[in-house]
Amino acid sequence: MNYSETLQWMFQQLPMYQKQGRAAFKKDLTNTLALSKHLNQPQDKFKSIHVGGTNGKGSVSHILAAILQANNYKVGLYTSPHLKDFRERIKVNGKEVSQDFVINFIADNKAFLEKQQLSFFEMSVGMAFDYFAQQKVDIAIIEVGLGGRLDSTNIIRPILSIITNIGLDHTQFLGDSLQKIAVEKAGIIKEKTPVVVGETQPETQNIFKETAKKNNAYITFADQEEKVNFTSDLQGLYQQKNIQTALIAIKLIQDLGWQLNDTKTLASLKEVKKLTGFKGRWHILKETPKIIADTAHNTEGLQYVLQQLKQEEFKQLHIVFGVVNDKNLNTILPLMSKKAIYYFCCPNIPRGKPASELQTEASKFGLNGNVFSTVSEALQNAQAAANKADLIFVGGSTFTVAEII
């Protein structure tokens, strides 16, 4: 199989949560442990940092990778989902895994993957760990996929765990309260391994403290530490929380004996995108009229983004909006501006919510606009309708943004 055929096999033959949703979700580590054994335990051949949470874990992961790269370490970075190409998930020093590695990994292990019936995410994690081991990285930043306790990434023994925050997302899998979700996220806290929690939340603080105490793990709440305020190329007010979390984590990494230069660290904050290839967060696609895309897709994430939008200067706001069908719209739609003109669309994945259904739901909250068959068509119509003083925002789902970025 060539690269395209290999991806087709991965995407279609085996379940993929990002495309299919609940049917692809496996709350069990059996397959991951079996694959790890089959690959000769690659996760034990490099140091790692584990990053979980509801919002911000991707940003924190990329910030950490940029800092460590700038300090001359060879850094693996595993994140999900991807925007354009699967290889975005697996990088070393900002460079995506080669097509040949993806092809050969699947070809060499195809019989085992089929026999074991691994999910798309399980095989992706195994591929990343195998690649990092072969590349002999100094350290790998591993972003949790979903939850924590039973996430496929949770077979690593990291030097540091990070939990950014807790929000009501993926409740059908993780629980219907902040406390239940926190229990799942806290599952990445390991024995005698320091943990950084990005945000102190009354509902979850004690859960993290108790889990850390049970594991004899030193715990730090980043927002309780001295505030940092550094310039970064990551735009958006919400990134200040992520920078704070990352820099508190960096202090702990230094305490563990890692040699980091403060000047290089601060300089790297201005080059996170360049160093890591980070995309999709407050991504400015065009200046006139201004077009901004952001992958925020849950209540907490959208709150920050919409707050940021209010600080922009514009005559009329146009919103290209598409979501997946398992999203709780009753918590998202009330946040959206009633003054905006909407361009409802459906991301091109099986989980995409039909644009006409989204329009119907949105109208109940006073959000009005037309339906378009594709994200691209919706954006083209928004651009045609907008004048130079207007602002176009594209969002609602990672997959909506992926189609136009």
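These legends accompany close-up views of a predicted model.

**View 1. The open sheet and its strand order.** Here you can follow 8 strands, laid out as β4-β3-β2-β5-β1-β6-β7-β8, in an open sheet with mixed pairing. The edges belong to β4 (95-96) and β8 (219-221), each of which pairs on one side only.

**View 2. Strands β1 and β6 side by side.** Zooming in on the sheet, β1 (residues 47-52) meets β6 (residues 160-163) in the parallel sense, with 4 bridges between them. To find your place in this pair, look for histidine 50, which stands opposite serine 161 in β6.

**View 3. Helices lying across the sheet.** Helix α4 (residues 57-70) lies across β1, β2 (75-78), β3 (90-92), β5 (139-143) and β6. Its direction makes an angle of about 170 degrees with β5. Helix α6 (residues 120-135) lies across β2, β3 and β5, and runs at about 15 degrees to β3.

**View 4. Helix α5 and its bend.** Helix α5 covers residues 99-116, 18 residues in total, and spans 24 Å from first to last C-alpha, close to the expected 26 Å. Along the way, α5 bends by about 65 degrees at asparagine 109. Just beyond the end of the helix, glutamine 117 adopts a positive phi of about 55 degrees.

**View 5. The buried residues of α5.** Which residues of α5 are buried? They are Phe101, Val102, Ile103, Phe105, Ile106, Asn109, Phe112 and Leu113. As you trace them, a reminder may help: an α-helix has 3.6 residues a turn, so residues three or four places apart point the same way. Asn109, one of these buried residues, is also where α5 bends.

Conventions
Residues numbered from 1 in each chain as written. Predicted model: local features only at pLDDT ≥ 70, side-chain atom pairs only at ≥ 80, totals over all residues. Heavy atoms only, no water. Helix = DSSP H or I, 4+ residues; strand = E, 2+ residues; numbered from the N terminus. Expected span 1.5 Å × (residues − 1). Bend = angle between axes of the 7 residues up to and from the residue. Buried < 20%, exposed > 50% of the residue type's maximum accessible area, 1.4 Å probe, protein only. Pairing = 2+ DSSP bridges. Contact = heavy atoms within 4.5 Å. Axes fitted to C-alpha atoms, helices over the stretch in contact; angles between N-to-C directions.
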